[in-house]
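Colleague: I have a little time before lunch and would love to go through this model with you. Could you show it to me first?

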Amino acid sequence: MSQPHESAALLDRSDSRVNQTVGLAASLKATADRIRSGDLGPLPVVIGLVVIWTVFGILNPVFLSSANLANLLFDAATVGIISLGVVCVLMVGEIDLSVGSISGFASALVGILWVNQGWPVAAAILAALAAGALIGSLYSLLFTRLGMPSFVASLAGLLAVLGLQLYLLGNAGSINLPYDSFLVSFGQLDTLPPLLAYLLAGASGVVRLLLGYRAHQRRRQAQLSTPSLAGVALQALALTALLGFVAYYLNQDRGVPWIFVFFMGLVVAMHYAFTRTRWGRSLAAVGGNREAARRAGINVRRIYTSAFVLCASFAALGGILAAARLASASQQAGTGDVNLNAIAAAVIGGTSLFGGRGSAYSALLGVIVIQSIASGLTMLDLSSALRYMITGAVLALAVIIDALARRSRASHGRA
């Protein structure tokens, strides 16, 4: 009497294995279809990064040493944080040209309040972040209430905020931050203990596995196509192995910088906000079609305000950490190529200049590309002029790829 039941159970298990195999094949096919339709994701950036590292590694093997890569991560974190804010305004189809000036002004404000006025360092940092948020609120007011283009508003802000920075620092020109302080140590020296680095690598894989399983269960309950659990497990294993190797390699010298881990934490938090919250979906909707978003009931004005405020706040935070990295707040902070690198990193990483498409990981990938170019050319003792030309060429290529991808998606949608 038990044979029919056993046969049914065997058949169910067989069907489960077949469905899982089909799910994995379907996932690979869906990825290929997205690429053909123009949704390239981070693929061009990853390929470009591999090419850059290969070329510089051949020309100077020291480039790929653990010591140089650790320094690269120290330097990338500050501009990366600024670029993370730029992603917010680009996603709504706008721009902020003053992020460099805001970062320099925030560093000057921390130096004045902390060193000259004797404020606690935490209070000085909060005041600088509040000043950045206030500047972002002003931009949103000019844009949403008065109709001033963000390009013009932020260009005027660039000049005004730079003037405030120069005024605060006065004739002294710079303020040295206490070298033995936590802030400076965090920006220059602190790295993760090796064991903690390995634990974080393992935890990242576990989190990826749990999130993938949760998504699988939700889609299954909704009777939608589900991602293969084998594919999810493979992704989690690959992530753990990759991060574990990175931790092992960097631990051969200085280790994994705390400041870069902090940047990564912000990237993960913003990725969740972009992809898992109503605010993030509204951000992409406004950037894709503002009128359609308004008719769908989205408070468009509030979304624009949040984007500008977050952009300026991240710029202020990046400026504070840049001052910690240099142990100084000076009139040169935030000038030079900081502004352009932050914007270029977001675009090179895959955020669209046309709005509606972007990712927190764009800031991460883009800033590593830019910092790799700068580090590699410096080690080859080549001029900064060449670095500007190469970065400009990479930026132009990223915009061309984005434009072609948009055209491909549009034609694929009509088909």
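Modeller: Gladly; this is a predicted model, and we can take the second largest pocket, the salt bridges, the aromatic pairs and two loop residues in turn.

Colleague: Let's begin with the pocket. Which element gives the most residues to the lining of the second largest pocket?

Modeller: This pocket has a volume of about 590 Å³, and 28 residues line it, with Thr78, Val79, Ala322, Leu326 and Val338 closest to its centre. Elements that each supply two or more lining residues are the helices H3 (66-91), H4 (99-116), H13 (300-326), H14 (338-348) and H15 (360-379), together with strand E2 (328-330). The top contributor, with six residues, is H13.

Colleague: And by class, how many residues of that lining are nonpolar, polar and charged?

Modeller: For the second largest pocket, the lining is a mixture of the three classes. The count comes to four charged, 14 polar and ten nonpolar residues.

Colleague: On to the charged pairs. Which residue meets aspartate 75 in a salt bridge?

Modeller: The whole structure contains three salt bridges. One of them links distant parts of the chain, with aspartate 75 in helix H3 and its partner in helix H13, 250 residues apart. The N to O distance is 3.0 Å, and the partner is arginine 325.

Colleague: Is aspartate 75 buried, partly exposed or exposed?

Modeller: Buried would need a relative accessible area under 20%, and exposed would need one over 50%. Aspartate 75 has 30% relative accessibility, so the residue counts as partly exposed.

Colleague: What about glutamate 291: how far apart are the closest N and O atoms in its salt bridge with arginine 294?

Modeller: Both residues belong to helix H12 (residues 290-295), and because they are three residues apart, about one helical turn separates them. Glutamate 291 is partly exposed at 34% relative accessibility, and arginine 294 is partly exposed at 48%. The closest N and O atoms of this salt bridge are 2.3 Å apart.

Colleague: Which residues do shared salt-bridge partners join into one network?

Modeller: Glutamate 291 also meets the side chain of arginine 295 in a salt bridge, at 3.0 Å from N to O. These two lie four residues apart in helix H12, about one turn of the helix, and arginine 295 counts as exposed at 67% relative accessibility. Through the shared partners, the network consists of Glu291, Arg294 and Arg295.

Colleague: Now the rings. Is the pair of phenylalanine 56 and phenylalanine 63 stacked, tilted or edge-to-face?

Modeller: A pair of aromatic rings is described by how far apart the centres are and by the angle of the planes. There are nine aromatic pairs in the structure. In this one the centres are 5.4 Å apart and the planes meet at 45°, so the pair of phenylalanine 56 and phenylalanine 63 is tilted.

Colleague: Which residues do ring pairs link into a cluster?

Modeller: Phenylalanine 56 and phenylalanine 63 are both buried. The cluster formed by ring pairs takes in these two together with a tryptophan, and its members are Trp53, Phe56 and Phe63.

Colleague: And how are the rings of phenylalanine 260 and phenylalanine 263 arranged: stacked, tilted or edge-to-face?

Modeller: The two residues are three apart in helix H10 (residues 258-276), which means about one helical turn between them. Phenylalanine 260 is buried at a relative accessible area of 9%, and phenylalanine 263 is buried at 0%. Their ring centres lie 5.7 Å apart with the planes at 70°, so the pair is edge-to-face.

Colleague: Two loop residues remain. Which side chain does threonine 351 join in a polar contact?

Modeller: Threonine 351 sits in the loop between H14 and H15. With a relative accessible area of 1%, threonine 351 is buried. The contact spans 3.1 Å, and the other side chain belongs to serine 362.

Colleague: Last one: what is the phi of alanine 327 near?

Modeller: Alanine 327 lies in the loop between H13 and E2, and its relative accessible area of 11% makes it buried. Its phi is positive although the residue is not glycine, with a value near 55°.

Conventions. Residues numbered from 1 in each chain as written. Predicted model: local features only at pLDDT ≥ 70, side-chain atom pairs only at ≥ 80, totals over all residues. Heavy atoms only, no water. 1 Å grid on protein atoms, 1.4 Å probe; cavity = no way out; pocket = protein on both sides within 12 Å on 5 of 7 lines; lining within 4 Å. Points joined across faces, edges and corners; volume = space filled by probe spheres on them. Nonpolar A, V, L, I, M, F, W, Y, C, P; charged D, E, K, R; others polar. Salt bridge = Lys/Arg side-chain N within 4 Å of Asp/Glu carboxyl O. Buried < 20%, exposed > 50% of the residue type's maximum accessible area, 1.4 Å probe, protein only. Phe/Tyr/Trp six-rings, centres within 6.5 Å; stacked < 30°, edge-to-face > 60°. Polar contact = N/O pair within 3.5 Å; in protein donor to acceptor, adjacent residues only side chain to side chain.
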